[in-house]
Amino acid sequence: MLYLASQSPRRRELLARLGLAFGTLSPEVPEIREPGEAPEDYVRRVAREKAGAGLLQVAGNPGVLVIGADTEVVLGDEVFGKPADAGAAEAMLRRLSGRTHRVLSAVSLVSADRELQALDVSEVRFAELDDATIAAYVAGGEWRGKAGGYAVQGSAQAFIGHVSGSFSGVMGLPLHATATLLAGFGLRPTLQAAA
C-alpha cells in the first residue's frame, strides 16, 4: 500500500494524477532549518523526516511505501517558508518582486528497508509588483499555507513571468521525480487522459 505523508490538498491532487491508489497520513514534523544548513539539505531532511514519521504510523503493515515531500521558496540563501500572517506574506512578495528565485522540492519514498530520494529545483521569475497588486493578492487569502506566500497554480500566475523546471514541483510535488522514485520500487503510473 502506498501512503502520502501529507494532508496538503495540492500534493493529494498531484499524486492522484499518477493513477495509483494511496492513503494519506498526518505526521507531525517540525519544519525548522538548522543553523548553517544549506537550503537543499534542509528540504531533503524535512522530506525524509516526514516519510519516516509516516512510516512509523503504518509500520505494522507489510509492504507499505510512504512518500514524504517538502517544498521551499529560496532567494539567495534565505528560505521563505509559509508566512505566519498577511504582513509576512506581503513582505515575502515584496522581496520576490522583480527577481528570480528557486523553488526546491524534495521527495522521499521509504519502505521498511529502503529509501529513495530526489531533489527538484525550479526557477521562478516574478514581475515587478506594486503595493496595490501585493495587497490585493494577499487580501484574497491564497497565500495561506504556501511557501513564499504564493500559489503558482492560482491567481499568482498573473505576475509570474517565467518558470524554468517542474511546474508540479513548484506546486509541491514534482511528478516526474515522484514517478521515477515509484518506478524504483516497481510502481508505474497508470496515466489516463482527461475527459
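In this predicted model, helix H2 covers residues 39-57, and its 19 residues should span 27 Å at 1.5 Å a residue; the C-alpha atoms at its ends are indeed 27 Å apart, so expectation and model agree. A good part of this helix can be followed inward. The buried residues of H2 are Pro39, Tyr42, Val43, Arg45, Val46, Ala47, Lys50, Ala51, Gly54 and Leu55. Their packing partners are helix H1 (9-16) together with four strands, namely E3 (65-75), E4 (78-80), E5 (100-110) and E6 (115-126).

A helix pair comes next. Helix H3 (residues 86-96) packs with helix H4 (residues 131-139) at an angle of about 140°, and their axes lie 10 Å apart. This angle makes H3 oblique to H4, and the crossing of the two is right-handed. On the H3 side, the contact is made by Ala86, Ala89, Glu90, Leu93 and Arg94, while H4 contributes Asp131, Ile134, Ala135, Tyr137 and Val138. Sorted by character, the residues of this contact comprise seven nonpolar and three charged, with no polar ones.

Finally, it is worth pausing at Met171, which sits in helix H5 (residues 167-171). With a relative accessible area of 8%, Met171 falls under the 20% cut-off and is therefore buried. Apart from neighbours within four places in sequence, Met171 is in contact with Arg10, Glu13, Leu14, Val152 and Gln153. Leu116 stands 55 residues from Met171 along the chain, and the C-alpha atoms of the two are separated by 21 Å.

Key:
Residues numbered from 1 in each chain as written. Predicted model: local features only at pLDDT ≥ 70, side-chain atom pairs only at ≥ 80, totals over all residues. Heavy atoms only, no water. Expected span 1.5 Å × (residues − 1). Buried < 20%, exposed > 50% of the residue type's maximum accessible area, 1.4 Å probe, protein only. Contact = heavy atoms within 4.5 Å. Axes fitted to C-alpha atoms, helices over the stretch in contact; angles between N-to-C directions. Parallel < 35°, antiparallel > 145°, perpendicular 65-115°, else oblique. Left-handed = near helix turned anticlockwise from the far one by under 90°. Nonpolar A, V, L, I, M, F, W, Y, C, P; charged D, E, K, R; others polar.
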